[in-house]
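Subject: Structure for your review

Dear colleague,

Please find the structure below, followed by an account of what was found in it. I would be grateful if you could read the two side by side.

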Amino acid sequence: MPELPEVEVVRRGLQHSVLGRTVGAADVRESRLRWPVPRELPQTLAGRTLRSVERRGKYLLLGFDHGVLIVHLGMSGSLRFLSRPPPPSRHDHVDLPFEHGTLRYHDPRRFGAMLWHDAARGPVLEHPLLAGLGVEPLSSDFDGEMLYRATRGRRVSIKQALLSGEIVVGVGNIYASESLFRAGIRPGTPAHRVGRERCERLAAAIRATLSDAIARGGSSLRDFVASDGASGYFQLDCYVYGRAGQACRVCGEPVRTLRQAQRSTFYCPRCQH
Ligand SMILES: [Zn+2]
């Protein structure tokens, strides 16, 4: 599933490839995504110039003078700019043509979304899908003090509190496991028991983990823009994620795994308390 760093790299790729360009007639071959792609999307976008490419959580916000195209990649979606697009294959559901190539939405499982928010309806951040999101982990609104205040009274595990998206957006399973390792905190610790100092460490670890992943993805930006390579997680050098039974990279103790709310969690019993 594309996570926040992947979506951020897609955003940067779009800035590079299509920002300031004008869209032609969109080709919607399959409108049944998580919600229907609006029937009138081709007429809405034809002849319009892309003015901005923003991100809120895992939503990409493609800004035009008269509104915003909201795109979510769901479980298996990808959005690629192809300067010489091959004929569409089975899961290539939407093409947005530009004069110098095509932006193609591909999504085998169709849990993604492509929705139009008209400027007349007000700021896009007040859209029902976006209004309730937690803070951006890489913004100045997110720090240890904020995390500390937001976790008081929460009895769920700290990992669940991160995954819920209610406090901070975009910290998926892999990044939650890695951040908790870097901060030295056991994933099962009740959120309200994580003190101020540990919240500071955890907030810093979350920012560092996500920034590292973005930097790694960013280094393959040219590939992303040009290629038809597979999407998915960047090749991270994980400390614990996916490494059950292998030696902890810091202390050598075997990494352990457990299930939390149907998700696999990985941790080092010696480094994390
Ligand atoms: Zn260790």
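**The buried helix and the core**

The buried residues of helix 6 are I174, Y175, A176, S177, E178, S179, L180, F181, R182 and A183. A residue is called buried if 20 or more other C-beta atoms lie within 10 Å of its own, exposed if 12 or fewer, and partly exposed in between, with C-beta atoms placed from the backbone. Helices (H or I, at least four residues) and strands (E, at least two) are DSSP runs, numbered from the N terminus. Because 10 of the 11 residues of helix 6 (residues 173–183) are buried, this helix is largely enclosed by the rest of the structure. Just after helix 6, G184 has a positive phi of about 70°.

Please note that this is a predicted model, in which local features need pLDDT of at least 70 and side-chain atom pairs count only at pLDDT 80 or more, while totals for chains, interfaces and linings use all residues. Residues are numbered from 1 along each chain as its sequence is written.

The largest nonpolar core (a set of buried Ala, Val, Leu, Ile, Met, Phe, Trp, Tyr and Cys residues joined through C-beta atoms within 7 Å) has 64 residues, and L202 and V240 have the most contacts inside it. Helix 7 (residues 196–218) supplies the largest share of this core, seven residues. At least three residues of the core come from each of domain 1 (4–131) and domain 2 (144–267); these bounds come from an automatic or database domain assignment. Leaving aside neighbours within four places in sequence, V240 is in contact (C-beta atoms, placed from the backbone, within 7 Å) with S177, E178 and F181 of the residues named above, and also with V255, F266, Y267 and C268.

**The two sheets**

One open sheet has four strands in the order 2-3-4-8, with antiparallel pairing; two strands pair if DSSP finds at least two bridges between them. Strand 2 and strand 8 (113–118) stand at the edges with a single partner strand each, so one side of each has no neighbour in the sheet. Five bridges link strand 2 and strand 3 (residues 59–64), and E54 stands opposite L61 in strand 3. Two residues lie between these strands in their hairpin, where G57 takes a positive phi near 60°. Six bridges join strand 3 to strand 4 (residues 67–72), with V71 as the bridge partner of L60.

Side chains alternate along strand 2 (residues 52–56): V53 and R55 point to one face and are buried, whereas S52, E54 and R56 point to the other and are not.

Another open sheet has four strands in the order 1-6-7-5, also paired antiparallel. Its edge strands are strand 1 (27–28) and strand 5 (78–82), each pairing on one side only. Strand 6 (residues 92–98) and strand 7 (residues 101–106) are joined by six bridges, and F98 stands opposite G101 in strand 7.

**The chain as a whole**

The protein chain contains eight helices and 10 strands. The centres of domain 1 and domain 2, taken over C-alpha atoms, are separated by 28 Å. Buried residues make up 37% of the 273 residues. Of the contacts with a separation of 6 or more, 65% are between residues 24 or more positions apart. The C-alpha atoms fill a box of roughly 60 × 40 × 30 Å along the principal axes.

Yours sincerely

Notes. Two residues are in contact if their C-beta atoms, placed from the backbone, lie within 7 Å.
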